[in-house]
Amino acid sequence: MSLLNEIMDEINTVVGQVSDNQLNDAEKLITKDKRIFILGAGRSGLMAKGFAMRLMHIGYTVFVIGETITPSIAKGDVLVSVSGSGTTKSVLEPTESARKIGVKVIGLTSNGTSPLAQVSDAVIVVPGATKADDSVKSIQLLSTLFDQSVHITMDALVLKVSRRDNVSNDQAKATHSNME
Ligand SMILES: O=C([C@H](O)CO)[C@H](O)[C@H](O)COP(=O)(O)O
């Protein structure tokens with residue numbers, strides 16, 4: 001088997017274990033009357049930014065935590081936190097603070113019993129190998145399998161939201177940056 005096929009098999013196995021019910025519960029929290037904030041560190045943060053961009057394309061008010069133009073979060077907002085380990089301090093601590101002030105939290109993590117999973121109103125478990133847990137086997141480095149699988153999972157989530165909201169590909173295209 002080629003290396004690429006081995007990687008595709010790994011991704012298929014992980015994404016195949018993501019629960020439709022968990023995706024549906026997360027989808028319910030993402031509505032146009034809410035501001036959506038996005039949080040993640042390192043590569044998890046990069047995957048999360050891809051999700052933020054697509055939410056913008058389908059008409060959401062979305063902010064990435066850590067960007068200079070991101071305002072303060074408030075009660076009634078939604079926070080999407082992405083952490084494979086579910087323990088990264090720079091993700092977990094702001095998520096806990098946000099939850100305390102009445103922000104609804106969607107957590108994406110590899111570990112369904114992690115602190116991030118426990119603090120989330122809706123958790124999506126994406127059980128890919130991470131740097132923190134070698135019980136899930138992967139030929140790839142560190143959290144690569146989680147990163148790839150969470151990217152696909154968030155693409156599925158945005159597709160569900162766009163279908164529910166009746167946003168077409170052409171509408172999304174019209175919102176894409178015209179400054180590239
Ligand atoms: O960048 C990362 C590292 O390269 C592991 O693959 C992680 O995404 C970063 O360290 C954040 O970790 P998690 O919060 O556990 O996703």
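These are my notebook entries on what I looked up in this structure, which is a predicted model.

**Entry: the nonpolar core**

I started with the inside of the protein. The largest nonpolar core has 37 residues, and I30, I36, I38, F51, L55 and I106 touch the most other members. I then asked which helix gives the largest share of this core. It is helix 6, residues 144-164, with seven residues. Apart from this core lies another one, also listed for my notes: it has seven residues, including L39, L79, A98 and V103.

I picked I36 for a closer look. Leaving out residues up to four places away in sequence, I found I36 touching I30, L55, Y60, T61, V62, F63, V78 and V80. Two of the names there, I30 and L55, I had already written down among the core residues that touch the most other members.

**Entry: around the ligand**

Next I went to the ligand. Which residues are around it? I noted A41, G42, R43, S44, S83, G84, S85, T88, K131, L142 and S143. By kind, this shell divides into two nonpolar, seven polar and two charged residues.

I looked up three polar pairs here, each with an oxygen atom of the ligand. For S83, an N or O atom in the side chain is 2.6 Å from a ligand oxygen. For G84, a backbone N or O atom lies 2.8 Å from a ligand oxygen. For A41, a polar backbone atom is 3.4 Å from a ligand oxygen. I also looked up how much of the ligand is covered: taken alone it exposes 400 Å², and the protein buries 85% of that.

**Entry: L142 and N166**

L142 was on my list around the ligand, so I checked where it sits, and found it in the loop between strand 5 (122-125) and helix 6. Is L142 buried or exposed? L142 counts as exposed because its relative accessibility of 66% is over the 50% cut-off. Its phi caught my eye too: L142 has a positive phi of about 45°, although it is not a glycine. I added a reminder for myself: most residues other than glycine have a negative phi.

N166 gave me another case to write down. N166 has a positive phi of about 55° and is not a glycine. N166 lies in the loop between helix 6 and helix 7. With a relative accessible area of 64%, N166 is exposed.

**Entry: three serines**

I turned to S81, in strand 3 (residues 78-82). Why does S81 count as buried? Its relative accessible area is 0%, and the cut-off for buried is under 20%, so S81 is buried. I then looked for a polar partner: the side chain of S81 makes a polar contact with the side chain of T95, at 2.8 Å. Not counting residues up to four places away in sequence, S81 touches L39, V91, T95, I106, G107, L108 and L116. I had met I106 before, in the largest nonpolar core, and L39 in the other core.

S120 came next, in the loop between helix 5 (115-119) and strand 5. S120 is buried, with a relative accessible area of 11%. I followed its side chain and found that it reaches the backbone oxygen of L116 at 2.7 Å. Beyond residues up to four places away in sequence, S120 touches R99, V105, I106 and G107.

S149 is found in helix 6. S149 is buried, and its relative accessible area is 0%. Leaving aside neighbours within four places in sequence, I saw S149 in contact with I11, V14, V15 and V126. I also looked up G16: S149 and G16 are 133 residues apart in sequence and 9.6 Å apart in space, C-alpha to C-alpha.

**Entry: two exposed residues in helices**

I finished with K173 and L46. K173 lies in helix 7 (residues 169-175) and is exposed, with a relative accessible area of 55%. How many residues apart in sequence are K173 and H57? They are 116 residues apart, with their C-alpha atoms 7.2 Å apart in space.

L46 is in helix 3 (residues 42-57). L46 is exposed, at a relative accessible area of 54%. I compared its place with T13: the two are 33 residues apart along the chain, and their C-alpha atoms are separated by 22 Å.

Note on methods. Residues are numbered from 1 along each chain as its sequence is written. This is a predicted model: local features need pLDDT of at least 70, side-chain atom pairs count only at pLDDT 80 or more; totals for chains, interfaces and linings use all residues. Side-chain values use heavy atoms; hydrogens and water are left out. A nonpolar core is a set of buried Ala, Val, Leu, Ile, Met, Phe, Trp, Tyr and Cys residues joined through side-chain atoms within 4.5 Å. Buried means under 20% relative accessible area, exposed over 50%, partly exposed in between (1.4 Å probe, protein chains only). Helices (H or I, at least four residues) and strands (E, at least two) are DSSP runs, numbered from the N terminus. Contact means heavy atoms within 4.5 Å. A residue is near a molecule or strand if one of its heavy atoms lies within 4 Å of it. A polar contact is a pair of N or O atoms within 3.5 Å; within protein, one must be able to donate a hydrogen and the other to accept it, and residues adjacent in sequence count only if both atoms are side-chain atoms. Accessible areas come from the Shrake-Rupley method with a 1.4 Å probe; for residues, only the protein chains shown count as cover. Ala, Val, Leu, Ile, Met, Phe, Trp, Tyr, Cys and Pro count as nonpolar, Asp, Glu, Lys and Arg as charged, and the others, Gly among them, as polar.
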